[in-house]
Amino acid sequence: MTIFRSMSAVRACAALGALLLALFALPAVAQEAPDALVKRVSQEALQVIKTDPKVQAGDQARVRELIETKLAPHFDVDRMTALAAGRAYRSATPEQKKQLADQFRTLLIRTYSTALNQYRDQTIDYKPVRADPGATDITMRTEVVRPGQTPVPMDYSMTKTSDEWKAYDVIVGGVSLVTNYRDEFTREVQAGGVDGLIRSLTAKNGGGATK
C-alpha cells in the first residue's frame with residue numbers, strides 16, 4: 001500500500017486540516033492570547049479563501065503559494081516529522097532528518113492545497129482555552145460547522161517557541177493527523193528503511209521538496 005491510499009480517516013484529516021491555513025495565516029502577536037489569535041486570523045483567512053479570484057478558480061499554484069507563505073512557517077515541521085517517523089527518526093542521520101522534514105513539509109503543502117477549495121460555507125465555533133496562563137503547550141478546541149451536517153470537532157496541538165505559537169498536530173473527530181502518518185511511515189520504514197521512506201515521500205511529492 002502506498003502512503004495514505006484508501007485511508008478515509010486520513011483524507012478527512014487532510015481536508016479539514018487545510019483550515020490550519022486559517023488559523024496561522026498571519027504572524028502571531030506575542031501579547032495576544034492563543035484563542036483570540038485563532039479567532040482573529042481564522043476569520044481573516046477564511047475571507048481570503050472565499051474571495052480570492054484565483055483560489056475560487058481552482059488555481060492550485062496560487063493555493064500552494066498561499067499555503068507556502070502563510071501556513072508552512074507556522075508548522076513545527078521538525079517536531080511533526082519526529083512524531084510521525086517515531087523510532088526511525090531518532091535513529092536517522094542529520095541529513096536523513098533534514099530530507100524527511102523537507103519531504104514531509106512538501107507533502108503537507110500538497111495535501112492542503114488539494115483540500116483548500118472545499119471551504120466555502122463552513123464556519124468555526126471556538127471553544128474556551130483550558131490551560132494555565134504560562135503554559136507553553138496547549139490544545140485549541142474548535143468545531144467546523146457545516147450546513148446541514150453534523151459539526152466536526154477539530155483540535156490543534158500547539159507549542160510556544162520563543163514568542164510564537166506553532167502547530168504540531170491536528171486532531172479531527174478524534175483522529176490525529178500525525179498518528180495516521182506514523183502508521184504509514186512505519187510500514188515504509190519496515191519495507192525499505194529510512195532511505196526507503198524518503199524515496200517514497202519524494203516520489204509522492206513529484207520528485208522534490210517545495211522551497
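# Exercises on a predicted model

The largest nonpolar core of this predicted model has 39 residues, and those with the most contacts inside it are Phe75, Met80, Leu100, Phe104, Leu108, Tyr181 and Phe185. The exercises start from this core.

## Exercise 1: The core

Find which elements give two or more residues to the largest nonpolar core, and which element gives the largest share.

Solution. Step 1: list the contributors. The helices that give two or more residues are α5 (60-71), α6, α7 (87-91), α8 (94-115) and α9, and the strands are β2 (137-145), β3 (152-161) and β4 (164-172).

Step 2: pick out the main contributor. Helix α9 supplies the largest share of the core, eight residues.

Step 3: set this beside a general tendency. In soluble globular proteins, nonpolar side chains tend to be buried together.

## Exercise 2: Two packed helices

Describe how α6 and α9 pack, giving the angle and the distance between their axes, and state which residues meet.

Solution. Step 1: choose the quantities. Two packed helices are described by the angle between their axes and the distance between the axes.

Step 2: read the values. Helix α6 covers residues 77-85 and helix α9 covers residues 177-204; they pack at an angle of about 50°, and their axes are 7 Å apart.

Step 3: classify the angle. Angles under 35 degrees count as roughly parallel, and those from 65 to 115 as roughly perpendicular. The angle of about 50° falls in neither class, so α6 and α9 are oblique to each other.

Step 4: name the residues. From α6 come Met80, Leu83, Ala84 and Ala85, and they meet Val178, Tyr181, Arg182 and Phe185 of α9.

Step 5: sort them by class. The contact has seven nonpolar residues, no polar ones and one charged residue. Met80, Tyr181 and Phe185 are also among the residues with the most contacts inside the core.

## Exercise 3: The chain as a whole

How many helices and strands does the protein chain have, and in what pattern do they follow along the sequence?

Solution. Step 1: count the elements. There are nine helices and five strands.

Step 2: read them in order. The pattern is α-α-α-α-α-α-α-α-β-β-β-β-β-α.

Step 3: add the totals. The chain has 211 residues, of which 45% count as buried. Its accessible surface comes to about 10300 Å², and 50% of that belongs to carbon and sulfur atoms.

Step 4: look at contacts across the sequence. Of the contacts between residues at least 6 apart in sequence, 61% join residues at least 24 apart.

## Exercise 4: Buried or exposed?

Locate threonine 106, glutamine 43 and serine 162, and decide whether each is buried, partly exposed or exposed.

Solution. Step 1: recall the cut-offs. Buried means under 20% relative accessible area, exposed means over 50%, and partly exposed is in between.

Step 2: take threonine 106, in helix α8. Its relative accessible area is 1%, so threonine 106 is buried. The C-alpha atoms of threonine 106 and glutamate 68 are separated by 9.1 Å, with their positions 38 residues apart along the chain.

Step 3: take glutamine 43, in helix α3 (residues 34-51). Its relative accessible area is 42%, so glutamine 43 is partly exposed. Glutamine 43 and threonine 123 are 80 residues apart in sequence, yet 8.9 Å apart in space, C-alpha to C-alpha.

Step 4: take serine 162, in the loop between β3 and β4. Its relative accessibility is 71%, so serine 162 counts as exposed. Serine 162 and threonine 136 are 26 residues apart in sequence and 9.6 Å apart in space, C-alpha to C-alpha.

Notes:
Residues numbered from 1 in each chain as written. Predicted model: local features only at pLDDT ≥ 70, side-chain atom pairs only at ≥ 80, totals over all residues. Heavy atoms only, no water. Axes fitted to C-alpha atoms, helices over the stretch in contact; angles between N-to-C directions. Helix = DSSP H or I, 4+ residues; strand = E, 2+ residues; numbered from the N terminus. Parallel < 35°, antiparallel > 145°, perpendicular 65-115°, else oblique. Contact = heavy atoms within 4.5 Å. Nonpolar A, V, L, I, M, F, W, Y, C, P; charged D, E, K, R; others polar. Core = buried A, V, L, I, M, F, W, Y, C linked by side-chain atoms within 4.5 Å. Buried < 20%, exposed > 50% of the residue type's maximum accessible area, 1.4 Å probe, protein only. Areas by Shrake-Rupley, 256 points an atom, 1.4 Å probe, with all protein chains shown as cover.
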